[in-house]
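Dear colleague,

Please find below the structure I am handing over to you, together with its sequence. My findings follow directly after it.

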Amino acid sequence: MPSPPSRAGCALCRDAEPLPFDFSYAFQPIVDIQARKVFAHEALVRGPAGEPADTVLSRVTAENRYSFDQACREKAIRIAAGLQLPSCLSINFLPNAIYRPEVCIRSTLQAAERYGFPVERIIFETVEGEQVSDGTWLAEILSEYKRIGFKTAIDDFGAGFAGLNLLADFHPDIVKLDMALIRGINHSRSRRAIVAGVISMCDELDIEVIAEGIETADEARCLSDLGIRLMQGYWFGRPRFEQAAGEADIPWGV
C-alpha cells in the first residue's frame with residue numbers, strides 16, 4: 001500500500017515562507033429549493049482583482065502547496081466573516097497538502113475563533129478526481145475533520161479517483177454529484193437512472209446529495225423530481241467576487 005504523505009511536514013506550519021502571490025475569493029450559492037434558502041456558499045479561488053482561478057492555481061507548486069492550502073482556509077473564513085455570511089461556508093482543500101490533520105487544522109480553528117465564524121458551519125470538500133496516493137489516508141483526514149465538528153463533502157462524485165471505494169471507508173456529510181452527470185439530465189434516461197441510484201445509496205448512508213453544475217430550469221426540475229433539494233449552478237447564481245448571494249437573488253421557480 002502506498003504510504004501517506006510524510007508526517008514530518010508539520011514543521012511547515014513554523015517554517016513556511018510567505019506565498020509569492022496574492023489571491024481572493026468569489027462565492028457561489030448552494031441552495032435548498034425546498035426551504036427556499038441559501039444552504040451554503042462555496043469559496044472559489046480568484047486573483048486579487050477577481051482574475052480567473054487559473055491565474056492563481058498555476059502558481060501553486062510542490063514547495064508552496066502546503067502554505068497555499070493553509071492560507072486558503074484562513075482567507076476564506078476571514079472574507080466570509082466580513083460578509084457576515086449567514087449560510088455554511090464550503091472550502092475546497094488539497095488532501096495531498098495535509099500531513100497530520102489533527103495538527104494542521106489548528107490554524108483553521110484559530111481563524112474560525114479569531115473571526116467569529118462557527119466551526120459547525122464550515123464544510124471541507126475534496127475533489128474526488130484529485131489523485132490521492134492512499135484512499136485510506138484521505139478517509140483518515142476526513143474522519144478527523146468530522147470529529148472536530150466540520151462538515152465534510154466529496155466534490156465531483158462520479159468523475160474521478162475515489163468513488164465508491166472512499167464511501168466504503170468513510171461516510172461524508174455530503175456528496176456533490178459531478179456536473180457531467182447533471183448536464184442534460186432531463187433528456188437522458190441513463191443519467192437519471194445513475195443519479196437515482198446514487199440518491200438511494202446516499203439515503204441509506206445518511207449522506208446529503210448536492211447536484212452541481214445546473215444551468216437550466218429543466219435540469220433543476222428533473223433533479224427535484226428525483227428527490228434532490230440541494231443544488232448549485234449558474235441557473236441559481238454565478239460566483240460573486242467577494243460577495244454573497246441572498247434569498248432574494250435566487251430564481252426559486254423550480
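The notes below cover the confidence of the model, then one strand and its partners, and finally two individual residues.

Please bear in mind that this is a predicted model. The protein chain has a mean pLDDT of 86, and 83% of its residues reach 70 or more. Residues 1–9 call for caution: pLDDT stays under 50 there, and the model has 16 contacts beyond four places in sequence for this stretch.

Strand β1

Strand β1 spans residues 24–32, and 9 of its 9 residues are buried. Both faces of the strand are covered. On one side lie S24, A26, Q28, I30 and D32, and on the other Y25, F27, P29 and V31.

Three strands pair with β1, each in the antiparallel sense. With β2 (residues 37–46), the pairing extends over 9 bridges, and Q28 has E42 as its bridge partner. These two strands form a hairpin with 4 residues between them, and R36 in the turn has a positive phi of about 55°. Strand β8 (residues 230–232) is joined to β1 by 3 bridges, with I30 opposite Q232. Strand β9 (residues 240–241) is joined to β1 by 2 bridges, and here F27 stands opposite R240.

Residue E42

E42 belongs to strand β2. Is this residue buried or exposed? E42 is buried, because its relative accessibility of 5% falls under the 20% cut-off. Its side chain makes a polar contact of 2.9 Å with the side chain of N92, and another polar contact, of 2.8 Å, joins the side chains of E42 and Q232. Leaving aside residues up to four places away in sequence, E42 touches A26, F27 and Q28, as well as S90, N92, E125, D155, K176 and Q232.

Residue A112

A112 lies in helix α5, which covers residues 106–115. With a relative accessible area of 4%, A112 also counts as buried, because that value is under 20%. Beyond residues up to four places away in sequence, A112 touches I77, F117, V119 and I122. As for R73, it lies 39 residues from A112 in sequence, and the C-alpha atoms of the two are 9.4 Å apart in space.

In going through the model, you may wish to begin with E42, whose side chain has polar contacts with those of N92 and Q232.

With kind regards

Definitions and conventions: Residues numbered from 1 in each chain as written. Predicted model: local features only at pLDDT ≥ 70, side-chain atom pairs only at ≥ 80, totals over all residues. Heavy atoms only, no water. pLDDT = per-residue confidence, 0-100. Contact = heavy atoms within 4.5 Å. Buried < 20%, exposed > 50% of the residue type's maximum accessible area, 1.4 Å probe, protein only. Pairing = 2+ DSSP bridges. Polar contact = N/O pair within 3.5 Å; in protein donor to acceptor, adjacent residues only side chain to side chain.
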